[in-house]
Amino acid sequence: MEKPVSFSIIGGGGFRAQFYLRIAQALPEQFRVSGLVVRDPDKGRRLEQEWNVPVYPTLDQLLNKEKPDFVVVSVSRSACKEYLLQLAELGIPALSETPPAPDLEGLRELHDKLTLQGARVQVAEQYHFQPAHAARLAFIRSGRLGRVTEATVSISHLYHGVSLIRKMLGAGFEDVTIQAKRFESDWVAGPTRSGPPTEERLIPLQRDLAWLDFGGKLGIYDFTKDQHRSWTRSNHLSVRGQRGEIFDNRIRVLADYETPLYMDFKRINRGEEENLEGYFLKGIMAGEQWVYDNPFAPARLYDDEIAIATCLMHMANYAAGGPDFYSLRDASQDHYLGLMIEQAIATGQSVVAERQPWAL
């Protein structure tokens, strides 16, 4: 890049917005935050001092002073729609946090008022850009698993988990039959967004299981509340194809019908033992092949920050006229399927997620 990509953030005081600020701070040659929109004046002053970024109380005041390449909308799902509509009217590309609307009615409205009108909007679904998942997807796309028929995802909640299921299966916008159940018990509370636990206490545990039949392809959703932050519950992802499977970091495939091959996804870090290059993720290998190369090395970003920085990189390309990378159509489909999983759990009945207007 000849100069850093410039982006502004609406809702700069939130948890997710902090990721964008840290990324820009770690990669100043690639990204620059050109202002935050924060309505609370006290919070705005603190952020301005902490991050050395100008803060404005409204979007109009920000745009009177700043000329961002795009705007990140990092607000509640109920407030997101109005900002997306306002930015679309101004012709400014927008990167929306997930999900872009709270319910099916809202998703359909965004399709009518944004997608069908040619608005420049993408959604910051980052999970498939995390290094481990990006490596798995690269291996799947190499064809070594053959036609993929099953994916089990126990990584994150609802639309995040569904997005990984659809990516791993290569699923589109077809009808999906969903069955789901909830199992309840207790467990010892672990870390939250606020930090580590301060005492031992038992809290209710909810484990949700759903089976998504895409017609010849099966997605299994398995998530326990706060599992992704837990010290005592593991994440899991497996993908099965005609010629082999991925099971977390293990791979089993066939060289030919009588020759099985066994390998692992291996993270390659710099800065370990006698290496003096600095500590960062170089990439991920599967056997003798590199299946993921960290585009932000040698910056010291953890995996979710790498994934969100990848969203920003793709968004910069999109704002300059490049292709979609995670459109409102995909975001709407993933959130819709998440809503239908919740409905299947609540009713105890099999439900059918039917093709929606954005499937056209």
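This is a short walk through one structure, from its sheet to a helix and then to its pockets and its cavity. The model is a predicted one.

I will start with the sheet. It is open and is formed by 11 strands. Read across, the order is 16-15-14-13-12-11-7-10-9-8-17, and the pairing is mixed. Which strands stand at the edges? They are strand 16, residues 289-293, and strand 17, residues 351-353. Each of these has a single partner strand, so one side of each is left without a neighbour in the sheet. On average, neighbouring strands of this sheet are turned by 20° against each other, with direction ignored.

Now a closer look at part of that order. Strand 13 covers residues 250-256 and strand 14 covers residues 259-270. These two strands pair in the antiparallel sense, over 6 bridges. The link between strand 13 and strand 14 is a hairpin through 2 residues. To find this pairing on screen, look for Val253, which stands opposite Leu261 in strand 14. Strand 14 also pairs with strand 15, in the antiparallel sense and over 6 bridges. Here the residues to look for are Lys266 and, opposite it in strand 15, Met285.

Next, what lies across these strands? Helix 6 lies across strand 7, strand 11, strand 12, strand 13, strand 14, strand 15 and strand 16. Its direction is at about 135° to strand 16.

Helix 6 also leads to the pockets, as it is one of the elements that give two or more residues to the lining of the largest pocket. That pocket has a volume of about 1400 Å³. How many residues line the largest pocket? There are 45, and the closest to its centre are Tyr127, Ser156, His160, His228 and Arg229. Other elements that give two or more residues to this lining include helix 1, helix 7, strand 9, strand 10 and strand 11, along with helix 8 and helix 9. By class, the lining of the largest pocket divides into 14 nonpolar, 16 polar and 15 charged residues.

The second largest pocket holds about 220 Å³ of space. It is lined by 15 residues, and those nearest its centre are Gly11, Val37, Val38, Arg39 and Val75. The classes in this lining are 6 nonpolar, 6 polar and 3 charged.

Then there is the cavity. The count comes to 1 cavity of 30 Å³ or more. About 40 Å³ of space lies in it. Its lining is made of Thr98, Pro99, Pro100, Val123, Glu125, Tyr159, Tyr326, Ala331, Asp334 and His335. Of these residues, 6 are nonpolar, 2 polar and 2 charged. Which element gives the largest share of this lining? Helix 9 does, with 3 residues.

Helix 9 is where I will finish. It runs over residues 328-347 and gives two or more residues to the lining of the largest pocket, as well as the largest share of the cavity lining. Helix 9 has 20 residues. From its first C-alpha to its last it reaches 28 Å, close to the 28 Å expected at 1.5 Å a residue. Just after helix 9 comes Gly348, which takes a positive phi of about 70°.

Conventions: Residues are numbered from 1 along each chain as its sequence is written. This is a predicted model: local features need pLDDT of at least 70, side-chain atom pairs count only at pLDDT 80 or more; totals for chains, interfaces and linings use all residues. Side-chain values use heavy atoms; hydrogens and water are left out. On a 1 Å grid over the protein atoms alone, a cavity is a set of points where a 1.4 Å probe fits but cannot get out, and a pocket is an open set with protein on both sides within 12 Å along at least five of seven lines; lining residues have an atom within 4 Å of a point. Grid points are joined across faces, edges and corners, and a volume is the space filled by probe spheres set on the points. Helices (H or I, at least four residues) and strands (E, at least two) are DSSP runs, numbered from the N terminus. Ala, Val, Leu, Ile, Met, Phe, Trp, Tyr, Cys and Pro count as nonpolar, Asp, Glu, Lys and Arg as charged, and the others, Gly among them, as polar. Two strands pair if DSSP finds at least two bridges between them. Axes are lines fitted to C-alpha atoms, for helices over the stretch in contact, and angles run from 0 to 180 degrees between N-to-C directions. Contact means heavy atoms within 4.5 Å. The expected span of a helix is 1.5 Å times one less than its number of residues.
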